[in-house]
Structure formats: C-alpha cells, structure tokens
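Biologist: Hello! I am new to this structure, so could you walk me through it with some questions and answers?

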Amino acid sequence: MTFKLKILLLSFCVACLTNCYSQITLPKNLDEAILYFQQNWTKKELDDFKKKSESNAIADLHFGTGLWIRNNWVRGNRDTALTN
C-alpha cells in the first residue's frame, strides 16, 4: 500500500469517527473513558489493542483514536473533568 493511500484511508477513518461519535457523553474520569471504548469497540478491536506493546499501541493509535479523543473529549469548550 502506498504512503498516499495510507494517508487517505487514515483521513477517511478519522472523518468517519468524528461524524459517527459526535453526540457522545464526555467521560468524567479514566474509568468512564475506558468503559466507552469497551462498549464501542468490537471484541476484535479490543483484543488487538490488548495484544499490542505499549510503544506499538501509541504509534498505531496516535493519529486516529488519539486525535479523536483530543478533538471530542478535550479541546474546545468542553467539561475539563477528564483532563483534571
């Protein structure tokens, strides 16, 4: 897969996540944040994540899920309970 195609697919995934989860309830703490992913990720996604080393998980999820968390739970005029 070419680099441009990977970037395009990643952008598409981020856009889909942003649109699909725009009406979520903000988690108030880390336990609620973890519960959100346990309820919204498939069993395969959760199992794949659990099998990754910490460094691979950070690298693989930084620009997808990480940006989504930042944009939907942290940035802007949002409740800061989670970040506190």
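Modeller: Happy to help; what follows is a short conversation about this predicted model.

Biologist: Let us start with the overall layout. What pattern does the protein chain follow along the sequence?

Modeller: The protein chain has 4 helices and 0 strands. Reading along the sequence therefore meets helices as its elements, and the pattern is α-α-α-α.

Biologist: Thanks! Which element has the highest mean pLDDT?

Modeller: As a backdrop, the protein chain averages a pLDDT of 80, and 69% of its residues score at least 70. Among the elements, helix α1 (residues 3–20) has the lowest mean, 60. At the other end, with a mean of 93, is helix α3 (residues 43–51).

Biologist: Now to the inside. Which helix supplies the largest share of the largest nonpolar core?

Modeller: That core has 7 residues: Ala33, Tyr36, Phe37, Trp41, Leu46, Trp68 and Trp73. Two helices, α2 (30–40) and α4, each supply at least two of them. The largest share, 3 residues, comes from α2.

Biologist: Let me pick one member of that core. Which residues does Ala33 touch, leaving out those up to four places away in sequence?

Modeller: Ala33 is one of the core residues, and Trp73 belongs to the core too. With residues up to four places away not counted, Ala33 touches Pro27, Trp73 and Leu82.

Biologist: Moving to helix α4, is Thr65 buried or exposed?

Modeller: Thr65 lies in helix α4, which spans residues 54–74. Beyond residues up to four places away, Thr65 touches Phe37 and Trp41, and both of these belong to the largest nonpolar core. Its relative accessible area is 15%, and because the cut-off is under 20%, Thr65 counts as buried.

Biologist: And Asn72: which residues is it in contact with, leaving aside neighbours within four places in sequence?

Modeller: Asn72 also lies in helix α4. With a relative accessible area of 13%, Asn72 is buried. Leaving aside neighbours within four places, its contacts are Leu26 and Arg78.

Biologist: How much of the protein chain is made up of buried residues?

Modeller: Thr65 is buried, and Asn72 is buried as well. Taken over the 84 residues of the protein chain, the buried share is 14%.

Biologist: Let us turn to charges. How far apart are the closest N and O atoms of Asp47 and Lys43?

Modeller: Side chains of opposite charge can pair when their charged atoms come close. Asp47 and Lys43 are 4 residues apart in helix α3, so about one helical turn separates them. Asp47 is partly exposed at 26% relative accessibility, whereas Lys43 is exposed at 64%. They form a salt bridge, with the closest N and O atoms at 3.1 Å.

Biologist: Which residue meets Asp48 in a salt bridge?

Modeller: Asp48 is partly exposed, with a relative accessible area of 32%. Its partner lies 4 residues apart from it in helix α3, about one turn of the helix, and is exposed at 56%. The N to O distance is 2.9 Å, and the partner is Lys44.

Biologist: Finally, what is the N to O distance in the salt bridge of Asp60 and Lys52?

Modeller: A search of the whole structure finds 3 salt bridges, and this pair forms one of them. Asp60 is partly exposed at 48%, and Lys52 is partly exposed at 29%. Their side chains meet with an N to O distance of 2.6 Å.

Conventions
Residues numbered from 1 in each chain as written. Heavy atoms only, no water. Buried < 20%, exposed > 50% of the residue type's maximum accessible area, 1.4 Å probe, protein only. Contact = heavy atoms within 4.5 Å. pLDDT = per-residue confidence, 0-100. Core = buried A, V, L, I, M, F, W, Y, C linked by side-chain atoms within 4.5 Å. Salt bridge = Lys/Arg side-chain N within 4 Å of Asp/Glu carboxyl O.
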